[in-house]
Amino acid sequence: MNTLIIGTKKFPTVLAITPMEQARGLMYVKANPPIMSFVYHKPELNKIWMKNTFIPLDVLFCRAGKIVLISRGEPHSEELFGPDFPTDLVVEMLGGSVELYDIAVGNDV
């Protein structure tokens with residue numbers, strides 16, 4: 001298991017690096033999802049959807065070690081969401097985690 005650090009908080013994370021891992025994400029996970037970090041080798045436009053995702057997610061879009069946008073993903077939504085600018089890391093975590101851990105735009109990642 002890898003570690004993701006947001007501010008001063010440490011979280012275990014699963015890395016999604018290959019296109020197949022990134023396409024699947026947390027689809028079909030019904031309970032107790034891991035935190036998943038989608039790592040990109042260079043910044044690119046990253047939009048996601050929640051098709052086949054059963055649980056609400058907080059989604060952190062990051063660039064150059066900072067959170068630049070936080071979105072809420074609703075289960076089974078096929079609407080694409082994300083920033084209109086490149087990011088190099090996307091983090092999916094259980095919905096409500098942003099509030100629980102006081103995560104905000106501008107935090108170091």
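**Chatting about L57 and A16**

Q: Hey, which residues does L57 touch, leaving out those up to four places away in sequence?
A: L57 touches L26, M50, S71, R72, G73, E92, M93, L94 and G95. Touching, or contact, is having heavy atoms within 4.5 Å.

Q: Anything I should know about the model?
A: It is predicted, so local features need pLDDT of at least 70 and side-chain atom pairs count only at pLDDT 80 or more, while totals for chains, interfaces and linings use all residues. Residues are numbered from 1 along each chain as its sequence is written, and side-chain values use heavy atoms, leaving out hydrogens and water.

Q: Which members of the largest nonpolar core touch the most other members?
A: F38, L57, V59, F61, F81 and V90 do, out of 13 residues in that core. Strands β3 and β4 (57-63) each supply at least two of its residues. Apart from it lies another core of 12 residues, among them L4, L89, V91 and V98. A nonpolar core joins buried (under 20% relative accessible area) Ala, Val, Leu, Ile, Met, Phe, Trp, Tyr and Cys residues through side-chain atoms within 4.5 Å.

Q: New topic: where does A16 lie?
A: A16 lies in strand β2, residues 9-16. A strand is a DSSP run of E, at least two residues, numbered from the N terminus.

Q: Is A16 buried or exposed?
A: A16 is buried, because its relative accessible area is 0%.

Q: What is A16 in contact with, beyond neighbours within four places in sequence?
A: A16 is in contact with E21, Q22, M36, S37, F38 and V39.

Q: And how far apart are A16 and L69?
A: They are 53 residues apart in sequence and 19 Å apart in space, C-alpha to C-alpha.

Technical notes:
Helix = DSSP H or I, 4+ residues; strand = E, 2+ residues; numbered from the N terminus. Buried < 20%, exposed > 50% of the residue type's maximum accessible area, 1.4 Å probe, protein only.
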